[in-house]
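Open the model in your viewer and set the cartoon representation. This tour moves from selection to selection. Keep the sequence panel in sight.

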Amino acid sequence: MLADKVAVITGSTSGIGEGYARALAREKCNIVLNGFGDAEEIEMLRRSLETEYAIRCLYSPADMTKPDEIADMFKMTVDAFGGLDILINNAGIQHVAPIAEFPVEKWDAIIAINLSSAFHTMRHAIPLMTARGWGRIINTASAHALVASPNKAAYVAAKHGIAGLTKTAALEVARDNITVNAICPGYVWTTLVEGQIPDTARTRNMTEEQVINDIMLATAATKKFTTIEQLAAFAVFLCSDAAENITGATHSIDGGWTAQ
Ligand code: NAD
C-alpha cells in the first residue's frame, strides 16, 4: 500500500515508534529511524527492517531538543530519498513529580522533546509534502492530551499542546492533500510505562502492583493495556487513501479512559 513512500519516525528505536516503523515497513514504506539507544542494537534493528521487508531504512541520531540536528535529519532524508511522504512525531519522555518539586531542566526537556520537536519537524516536512502533493503527519499524543493526572505537569502540558498543534497544522495544509492527526493512547506496555512504575510507587506511597492495577488500569474501562500493534495498525490506516478526509482529529485508543 505504501510502496516507495518515505517515512520519518522520531523516537523509533524502541517501543511504539519501533512498532510504527515495522508496520509501515511491512507496507513497503522506506523508513528513517530516529532515537537514542545502543548503537549496535539500533544497527541490528535498521538492518532487520531492510532485510525482512525489502525496503531501505536509514538511521538519524538527531536529538529532538536540537533544531539544527532535526534539520540535518531532513537533509539526510532528502539526500537519500529525494523527498518525504509521512512524518510521525513520536519521541517522548516523562517525569513524575508535583509542580513545586518539578526539576526545571525536566520541564524544559519534556516541552522540547514532546512538543517543540513536532513544530521543528513539521517546519521541514510540510514543504516537502506540499512538493509531492500528498502527505501524512501523525503525532503520538496521549490520553493526557485530553485529560490530566497529578504530578505530570510537563507531560500533560506538552501533550495538550500537541493536540492544538495537530489541529492548527491540519487547517493550514487541508487543501494540499496532507492530513495531520494525533493518536491518543492510554497506557501502553513499553519501557516508558515500565520506567514510571517505581517513581509513581514512591511518590504515591504504593506498591508497584498497586500502581499497575489501581492507577494505570484504573482508568481503562476495558481493564486492558493498549498494545503497540494496535497503535501501529491505526497509523497504517491513517496513511491509507480511505483516511484522506480524516484530519485535525485526536483519536483515542485508550480502552474507554477518556469516555468517562
Ligand atoms: P519509549 O521510551 O520506548 O520510546 C521513546 C523514544 O523516544 C525512544 O526511541 C527514545 O530513544 C526516543 N527519544 C527520547 N528522547 C529523545 C530525544 N531527545 N531525541 C530523539 N529521540 C528521543 O516510549 P514509548 O512508550 O514508546 O513512547 C513513545 C511515545 O508514545 C511518546 O511520545 C509517549 O509520550 C507516547 N505515549 C506512550 C504511552 C505509553 O503508555 N507507553 C501512552 C501514551 C503516549
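Select Ala7 first, then Ile86: Ala7 stands opposite Ile86 in strand β4. The model is predicted, so local features here require pLDDT of at least 70 and side-chain atom pairs count only at pLDDT 80 or more, while totals for chains, interfaces and linings use all residues. Numbering starts from 1 along each chain as its sequence is written, and side-chain values use heavy atoms, with hydrogens and water left out.

**Stop 1: β1 and its two partners**

Extend the selection to β1, residues 6-9. Strands here are DSSP runs of E with at least two residues; helices are runs of H or I with at least four; both are numbered from the N terminus. Strand β4 covers residues 86-89, runs parallel to β1 and is joined to it by 3 bridges. Two strands count as paired if DSSP finds at least two bridges between them.

Are the residues of β1 buried or exposed? Val6 and Val8 on one side are buried, and so are Ala7 and Ile9 on the other. Buried means under 20% relative accessible area, exposed over 50%, and partly exposed in between, with a 1.4 Å probe and protein chains only.

Now go to the other partner. β1 and β2 pair in the parallel sense over 4 bridges. Val8 stands opposite Val32 in β2. Between these strands the chain passes through helix α1, residues 15-26, in a right-handed β-α-β crossover. Right-handed means that, with the strands pointing away from the viewer, the path from the first strand over the helix to the second runs clockwise.

**Stop 2: β2, α2 and β3**

Select β2. 5 of its 5 residues are buried, so β2 is largely enclosed by the rest of the structure. Asn30, Val32 and Asn34 point one way, and Ile31 and Leu33 the other. 4 bridges join β2 to β3, and the two run parallel. Leu33 stands opposite Tyr59 in β3. The chain reaches β3 from β2 through α2, again by a right-handed β-α-β crossover.

Add helix α2, residues 39-53. It lies across β2 (30-34) and β3, at about 155° to β3. Axes are lines fitted to C-alpha atoms, for helices over the stretch in contact; angles run from 0 to 180 degrees between N-to-C directions.

**Stop 3: the whole sheet**

Show every strand. In what order do the 7 strands lie? The open sheet reads β3-β2-β1-β4-β5-β6-β7, with parallel pairing. β3 (57-60) and β7 (250-253) stand at the edges with a single partner strand each, so one side of each has no neighbour in the sheet. The twist averages 20° from one strand to the next.

**Stop 4: β5, β6 and β7**

Select β5 (residues 135-140) and β6 (residues 178-185), which pair in the parallel sense over 6 bridges. Gly135 stands opposite Ile178 in β6. Ile137 stands opposite Val180. Helix α5, residues 153-172, completes a right-handed β-α-β unit with these two strands.

Isolate β6. 8 of its 8 residues are buried, so β6 is largely enclosed by the rest of the structure. Ile178, Val180, Ala182 and Cys184 point one way; Thr179, Asn181, Ile183 and Pro185 point the other. On to β7: it pairs with β6 in the parallel sense over 4 bridges. Ala182 stands opposite Thr250 in β7.

**Stop 5: His144**

Zoom to His144, in the loop between β5 and α5. At 3% relative accessibility, His144 counts as buried. Beyond its neighbours within four places in sequence, His144 is in contact with Ser149, Lys152, Tyr155, Val156, Lys159, His160, Tyr187 and Trp257. Contact means heavy atoms within 4.5 Å.

**Stop 6: α6 against α7**

Finish with α6 (residues 191-204) and α7 (residues 208-216). They pack at about 100°, with axes 9 Å apart. The helices are therefore roughly perpendicular to each other; that label covers 65 to 115 degrees, with under 35 roughly parallel, over 145 roughly antiparallel and the rest oblique. To display the contact, select Val193, Gln196, Ile197, Pro198, Thr200, Ala201 and Arg204 of α6, plus Glu208, Val211, Ile212, Ile215 and Met216 of α7.
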